[in-house]
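These are my notebook entries on a structure that I looked up in two parts. I took the contact between chains as one topic and a sheet as the other.

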Amino acid sequence: MDSIEVILQKDNITFDDFAVLLSPEAEDYLELLAMASQKITLANFGRTIQLYTPLYLANFCDNYCLYCGFNADNQIERKKLSPTELKQEARVISSSGLKHILLLTGESRQMSPVSYIVECVKVLRGYFSSISIEVYPLSQAEYRLLVEAGVDGLTIYQETYDQDTYCQVHPRGPKSDYAFRLDAPERGAKAGMRNINIGTLLGLADWRKEIFFCGQHAKYLQDKFPEIEIGVSLPRLRPHQGSYQPACLVSDKNICQIIAALRIFLPHVGITVSTRENAEFRKNLIPLGVTRMSAGSSTEVGGRIMQKNNPRGSCQFEISDHSSVSQVKAMIEEKGYQPVLKDWMVF
Amino acid sequence: MNDFLEISGEKINNRLFIGTGKFASFNLMRQVLEKTGSELCTVAVRRVDSSSKTENILDYIPRGCRIMANTSGSRNADEAVRIARLAQAAGCGNWIKVEIINDNQYLLPDNLESLKATEALAKEGFVCLVYMNPDLAMGRRLIEAGAAAIMPLGSPIGTNRGLQTRELVEIMVNSLKIPIVVDAGLGRPSDACQCMELGCAAVLVNTAIAISADPVAIAEAFNQAVQAGRKAYLAGMAEKSQSARASSPLTGFLR
């Protein structure tokens, strides 16, 4: 194994090098790693941070994920946006200037079938220039239907690459099929998605191993589909309706190491940090290697237009950064970066 | 000295072209364009938001600086052609930087797809400046296809490694009767100067300026380097030699 100093001089970082960058020993070199990460990120992405926001279409779910508020056992109010409500929500988001939207649903083929998602996409094309989906894993043909409707990006997290942990936290329901989920990004790529975003839910298992495998997954996708923009998200477990507590703690320092290691290993991969993290932490992460952030988020179906008087709650998880889009933009500008609201278009 | 670059019948006095993609703000980008007096900048169509009253990049381009839309994001000729048409519809004019990349790891252009796009776009009346991997044979084909200028890369985008492709670019400069603009990879003003000394018509720079701690100052330095290199090229430079040569040769008495 090479030392950190030697690895930082290399042009091509190997899997072994990546493991070294993620090791406990590398924590002593964190500032050095962060500086290298910043330099690479500036060269490849400039002083820009691309913004998007999630839009929850429905929270019906047939899964029993221990860590998720949408767990079928949870007694939350189940909702699904009607076309009229969707337009209202889209108008509210659109008025903030955001042009990139991420559509989410729970996993219910009965309540949120692909045909419903397709209809939603058609509505949203009138409001946004880029539409990504974060829904249950689909077949290649189904992804193709969504691409043809106007979807250009796919986000799907494996949650955990550790199969034993995966079985444990997804005990029942369609999501318990590890392999079908693992192959979903590839099916999306073959279906014509222009950008694919993967991730692991930090806190379910040993983060060093999780990020090592996530990085390998991203590299595999990048090598196999060089024409596609690959991204990695770093969602950290947040409080939610239910009793599950993270099995492994992931500290702020760990997140910094993850960003730097990923960036050095995969110089051109997008790195996303969402409003799961608080505003101050997100601000500090900007120069480290982040390229994409969510803003003005709600994890509730119709969260921007519905009355918030439901005592049972219906959000997937609690967000930490409640800043408005304009506040997030101001924060990015304060750090000397440009918030990019539009970076693609339907054509 | 009446030295200007002519592309598609348009006279361009400033040979520093500037990319707009990586700046910390539109205002900073505008300052750079104003201070250098750059007369041509590239704008990614994917970033143009004509519907925005405050964040439309086109509103920040100074008068006198021509906009050349680029087809960033296109992965093949068909997509590049469609993006070019969108650019024209969005008010970016008909000057297009044909940029087709289907490799997100190295961001190297696809010459064959660029050729196809140039053929189609030139027929539609677009003025095509084509980003390419330096290659003489492809340069000739691009000229036949109707390219207005050819833009070989100096080194991969964003690397700031300078003119690593010098020998290939020099062959193109010496062989092709078309403006050769080195695009991508120039990290220092001296890199830009080197390109101009070789006889390149212009250089296009973004990363080295946009991510500098002082973008305006480094842009001015690039501008001066481009001017110095151009002046040296026009003046003609002494040949390099491995051995010392006396300034008064032995046969001087024969004069």
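The entries below begin with the interface and then turn to the sheet in chain B.

Entry 1, extent of the interface. I note at the outset that the model is predicted. I looked up how many residues each chain brings to the contact, and found 34 residues from chain A and 34 residues from chain B. For the area, I recorded that chain A and chain B bury about 2,700 Å² between them. Carbon and sulfur atoms account for 43% of that area.

Entry 2, polar and charged pairs. I found 22 residue pairs in polar contact across the interface of chain A and chain B. On the side of chain A that touches chain B, helix H3 (30–45), helix H10 (207–224) and strand E9 (338–340) each give two or more residues. H3(A) provides the largest share, with four residues. I sorted the residues of this side into 14 nonpolar, nine polar and eleven charged. The count of salt bridges between the two chains is six. I checked A:Asp343 and B:Arg47, whose side chains form a salt bridge with an N to O distance of 2.9 Å.

Entry 3, the sheet in chain B. I traced an open sheet of eight strands with parallel pairing, in the order E8-E7-E6-E5-E4-E3-E10-E9. Strand E8 (149–152) and strand E9 (181–183) of chain B are at the edges with a single partner strand each, so one side of each has no neighbour in the sheet. From one strand to the next, the twist averages 25°.

Entry 4, one strand pair. In chain B, I followed strand E6 (residues 95–98) alongside strand E7 (residues 127–132), a parallel pairing over four bridges. B:Lys97 is placed opposite B:Leu129 of E7(B).

Note on methods
Residues are numbered from 1 along each chain as its sequence is written. Chains are lettered from A and ligands numbered from 1 in the order in which they are written. This is a predicted model: local features need pLDDT of at least 70, side-chain atom pairs count only at pLDDT 80 or more; totals for chains, interfaces and linings use all residues. Side-chain values use heavy atoms; hydrogens and water are left out. Contact means heavy atoms within 4.5 Å. Buried area is the accessible area (1.4 Å probe) that two parts lose on being put together, summed over both. A salt bridge is a side-chain nitrogen of Lys or Arg within 4 Å of a carboxyl oxygen of Asp or Glu. A polar contact is a pair of N or O atoms within 3.5 Å; within protein, one must be able to donate a hydrogen and the other to accept it, and residues adjacent in sequence count only if both atoms are side-chain atoms. Ala, Val, Leu, Ile, Met, Phe, Trp, Tyr, Cys and Pro count as nonpolar, Asp, Glu, Lys and Arg as charged, and the others, Gly among them, as polar. Two strands pair if DSSP finds at least two bridges between them. Axes are lines fitted to C-alpha atoms, for helices over the stretch in contact, and angles run from 0 to 180 degrees between N-to-C directions.
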